[in-house]
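The following exercises concern strand pairing and the nonpolar core of one protein chain. Please consult the sequence and the structure while working through each solution.

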Amino acid sequence: MYAVIATGGKQYRVQEGAVVRIEKLDADKGDSVEFNQLLLVGDGAYVTVGAAYVGSAKLVATVDSHGKGDKVRIVKFRRRKHYKREKTHRQPYTDVKITSIVA
């Protein structure tokens, strides 16, 4: 069984037992998290697509870990204007393990 969920402004295709890296959640390590915004639920030839979301479906996951992504450099530069700004950014993330999909 697989599903497409919407969280953190992005969409992810997940299945039971998979570990997915999503945008940071406010949950402690080991906590159980529910996702109610399922866009699609599929099981072999049986596929349910929601108008916006599949109404009765939900997904249960466990928080594995938190962390920060790779460092990204941001450079603003204007030639011949004596203008240069450099910054860096590390995006926080949460790894969740999908435990069950209830359709």
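Two strands count as paired if DSSP finds at least two bridges between them. The model used throughout is predicted.

**Exercise 1.** Determine how many residues lie between β5 and β6 in their hairpin, and state the phi of G44.

Solution. Begin with the pairing: β5 and β6, the latter spanning residues 46-49, run antiparallel and share four bridges. Within this pair, L40 lies opposite V49 of β6. Next, examine the connection: two residues separate the strands of the hairpin. Finally, G44 in the turn has a positive phi of about 70°.

**Exercise 2.** Establish the order of the strands in the open sheet, and explain why one side of β3 and of β4 has no neighbour there.

Solution. The sheet comprises four strands, ordered β3-β10-β7-β4, with antiparallel pairing. β3 and β4 occupy the edges and have a single partner strand each, so one side of each lacks a neighbour in the sheet. On average, neighbouring strands are turned by 45° against each other, direction ignored. For the β4-β7 pair, four antiparallel bridges are found; A61 in β7 is the bridge partner of V33.

**Exercise 3.** Identify the residues with the most contacts inside the largest nonpolar core, and list the contacts of F35 beyond four places in sequence.

Solution. The largest nonpolar core holds 20 residues, and V14, F35, L38, L59, V96 and I98 have the most contacts inside it. Elements giving two or more residues to this core include β4 (32-35), β7 (58-68) and β10 (92-102). Leaving aside neighbours within four places in sequence, F35 touches I5, T7, I22, L25, K58, L59 and A61.

Methods
Residues are numbered from 1 along each chain as its sequence is written. This is a predicted model: local features need pLDDT of at least 70, side-chain atom pairs count only at pLDDT 80 or more; totals for chains, interfaces and linings use all residues. Side-chain values use heavy atoms; hydrogens and water are left out. A nonpolar core is a set of buried Ala, Val, Leu, Ile, Met, Phe, Trp, Tyr and Cys residues joined through side-chain atoms within 4.5 Å. Buried means under 20% relative accessible area, exposed over 50%, partly exposed in between (1.4 Å probe, protein chains only). Contact means heavy atoms within 4.5 Å. Axes are lines fitted to C-alpha atoms, for helices over the stretch in contact, and angles run from 0 to 180 degrees between N-to-C directions.
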